[in-house]
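I'm opening a fresh page for this protein and keeping the notes short. The plan is to look up the sheets, then the cavities, then a few single spots.

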Amino acid sequence: MTIRLTVAQALVRFLAAQYTERDGERRRLIGATWGIFGHGNVAGLGQALLQYGDEMPYHQGRNEQAMVHAAVGYARQSNRLATHAVTTSIGPGATNLVTGAALATINHLPVLLLPGDVFATRPADPVLQQLEVPYAADVSVNDCLRPVSRFFDRINRPEQLIPSALAAMRVLTDPVETGAVTLALPQDVQAEAYDWPEEFFAERVWTVRRPGADPAELAAAVEVIRSARRPLIIAGGGVHHSRAEDVLAEFAAATRIPVASTQAGKGSLRWDHPQDVGGVGHTGTATADELARTADLVIGVGTRYTDFTTASGTLFENPDVRFLNLNIAPYDGHKLAGLPLVADARSGLAELRKALDGHRTADSYVTEYTEDKERWEQRVDACYEADEPDVRPTQPQVLGALDALVDETDVLVNAAGSLPGDLHRMWRARSRDQYHLEYGYSCMGYEIPAAIGVKLAAPEHNVWALVGDGTYLMMPTEIVTAVQEGIAVKVLLVQNHGYASIGGLSEAVGGERFGTAYRFPSDDGSFTGAPLPVDLAANAASLGMRVLRAKTVRDLRAALAEARAADTPTCVYVETETADTVSGPPPAQAWWDVPVAETAARSAAVKARELYERHVSTRRRHL
């Protein structure tokens, strides 16, 4: 039996019938499709989505990159068991996908991209928005998506869709390979009819695997853990992807090994779990970083060991340190010359706990990190406290006001600026889903569309997009989408008149905060004059969002409470310290490598280079 449909119609029907299953939980893989239509997809996928609206929900986006961010937010909140598709026209609509695709792939989060493409049959050549490459007639702008996609294909004939669509689903549901998947769809092929086998549209379930550990690797892992005196677990995003949080909590409590977390892994343990010692690396806590410096065994669970985590190779100072890497990806399991334990995080931790059979770290070690953690929490309390409620808050006091309000059901979304460092060091995560930081790509503009995706995946949760003024200006457009569809996200918009994070970094590396403030030029030509007359709160209101302005700590507390109770999209706008002042949190507890000019005429750069060379000399290759 065959069914005659266009390629676009067949693809929509196929996607609506795909499911994932893990641990007996079955979910629809493609929950909805985002789209912005142009001549490259309006008559193909646009018509198909209209025809099959009952089977495939549709969300109207305002920016192609933002649509990908929304899909990624949905995928992460869904534990990678579900995602959204994104369709665009050819030309700028398609190339706008590249940043979102890179973000998804770097963070190992699934998203399906369906950009339109130029005519496969070439009835007119070139056509509007076609890239002409003299040496390769089959290249289009969509080829920009190849290096940032985990799977890419261009569907030049209807019958090509069948194997390609199946391959796309395989990659989307593979816990090692997942990321952005791109099916480029020439506009004429989208509208072409074909007789499809009926079986193509049958419900199909893709099992998400939980592989266990190899017995030899497990035995070696147990041996190194038993011999360690100062072990430290570093929990990465793989803990969340595997839903291994409960097993990790049990493992840590049983062995009493302290657990630090990367940006992606924060929330793997509740902040008040006895073994949780907070973030690790450049944006980590003093407690976690000191444990990392003295650890003789680092147990990485689902982490990629980025430069922020390792302090650019300077953090793990113990000359005898060894690494044990529990990771579902062999590539990551072998990093830092570590002993690999290739397995699903939840399966591997459960097997390790059973094999260790009651092994526990020494009482003196537990006392040491427990007391250090108490001292760190006192520092956080001091940053959060606001003794004068009628003054403008610092950024940490903004976080303190939010910390006092939320419970374990709230979700915080952030990605860029000075907020990731403050949050990683100070935020007290109350649940495994609360801390949603995109720090693999640290993409400005991610927060608002991702919060929309999170809210679509978890409508019962309060979802906060924490946004600085710099990142807000990159991509506020999806506020319109939230208003149109009644998606009640909360936007906490922090105005400090510039790029606070990069401004501080610029000063540290001899750049003297050049080009990092939103201010008028002063007489000397530097941008240190009066703030620009930009009203971001008015901008958000003009896009249809309800806005609450907070001028003082007292105002802020009331506005946050009102926003949390709102059932419509609501923004809390607060002005904090300016970009040329410190945000107020504890400073970085570990280094991060940003090369400084080796020769310079200005004294700030000369001094910065001297400090840089001292840090570089401590870098270590773990072999």
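**Before I start**

I have to keep in mind that this is a predicted model.

**Entry 1: a sheet of six strands**

I started with the strand order. I found an open sheet of six strands, running E5-E4-E6-E7-E9-E8, and the pairing is parallel. Which strands stand at the edges? They are E5 (58–60) and E8 (151–154); each has a single partner strand, so one side of each is left without a neighbour in the sheet. I also looked up the turn between neighbouring strands, which is 20 degrees on average, ignoring direction.

Next I followed the pairing inside this sheet. E4 (residues 30–35) and E6 (residues 83–88) run parallel and are joined by four bridges. I picked out Thr33, and its bridge partner in E6 is Ala85. Gly35 gave me another pair, since it stands opposite Thr87 in E6.

Then I went across to the other neighbour. Four bridges also link E6 to E7 (residues 111–117), again running parallel. Here Ala85 turned up once more, this time opposite Leu112 in E7. So how covered is E6? I noted that six of its six residues are buried. A reminder for myself: in a regular strand, side chains alternate between the two faces of the sheet.

**Entry 2: another sheet of six**

I found another open sheet of six strands, with the order E14-E13-E12-E15-E16-E17 and parallel pairing. Its edges are E14 and E17 (339–342), each with a single partner strand, so one side of each has no neighbour in the sheet. From one strand to the next, the twist averages 20 degrees.

I zoomed in on one edge. E16 (residues 322–327) runs parallel to E17, and four bridges join them. In that pairing, Asn325 has Pro340 in E17 as its bridge partner. Which helix lies across E15 (297–301), E16 and E17? I wrote down H14 (residues 345–356), which runs at about 125 degrees to E16.

**Entry 3: the cavities**

How many cavities of 30 Å³ or more does the whole structure hold? The search finds two.

I took the largest one first; its volume is about 150 Å³. Its lining counts 21 residues, and those nearest its centre are Lys266, Asp276, Gly278, Glu377 and Trp427. E14 (276–279), H15 (363–384) and H17 (419–426) each give two or more residues to this lining. I knew E14 already as an edge strand from Entry 2. By class, I noted eight nonpolar, seven polar and six charged residues in the lining of the largest cavity.

The second largest cavity has about 110 Å³ of space. Arg76, Gln77, Asn79, His240, His241, Arg243, Arg432, Asp433, Tyr435 and His436 line it. The elements with two or more residues in this lining are H3 (64–77), H9 (237–241) and E19 (435–437). I sorted the lining of the second largest cavity into classes too: one residue is nonpolar, five are polar and four are charged.

**Entry 4: single spots**

I looked at helix H1 (residues 7–16), and nine of its 10 residues are buried. Among the buried ones are Val7, Leu11, Phe14 and Leu15.

Next up was Ser242, in the loop between H9 and H10 (245–255). Is Ser242 buried or exposed? Its relative accessibility is 4%, so Ser242 counts as buried, the cut-off being under 20%. Skipping neighbours within four places in sequence, I listed its contacts as Arg22, Arg210, Asp344, Ala345 and Arg346.

My last stop was Arg157, in the loop between E8 and H6 (161–172). With a relative accessible area of 37%, Arg157 is partly exposed. Not counting residues up to four places away in sequence, Arg157 touches Val189 and Glu192. I also checked Arg157 against Asp188: they are 31 residues apart along the chain, and 9.8 Å separates their C-alpha atoms.

Notes
Residues are numbered from 1 along each chain as its sequence is written. This is a predicted model: local features need pLDDT of at least 70, side-chain atom pairs count only at pLDDT 80 or more; totals for chains, interfaces and linings use all residues. Side-chain values use heavy atoms; hydrogens and water are left out. Two strands pair if DSSP finds at least two bridges between them. Axes are lines fitted to C-alpha atoms, for helices over the stretch in contact, and angles run from 0 to 180 degrees between N-to-C directions. On a 1 Å grid over the protein atoms alone, a cavity is a set of points where a 1.4 Å probe fits but cannot get out, and a pocket is an open set with protein on both sides within 12 Å along at least five of seven lines; lining residues have an atom within 4 Å of a point. Grid points are joined across faces, edges and corners, and a volume is the space filled by probe spheres set on the points. Ala, Val, Leu, Ile, Met, Phe, Trp, Tyr, Cys and Pro count as nonpolar, Asp, Glu, Lys and Arg as charged, and the others, Gly among them, as polar. Buried means under 20% relative accessible area, exposed over 50%, partly exposed in between (1.4 Å probe, protein chains only). Contact means heavy atoms within 4.5 Å.
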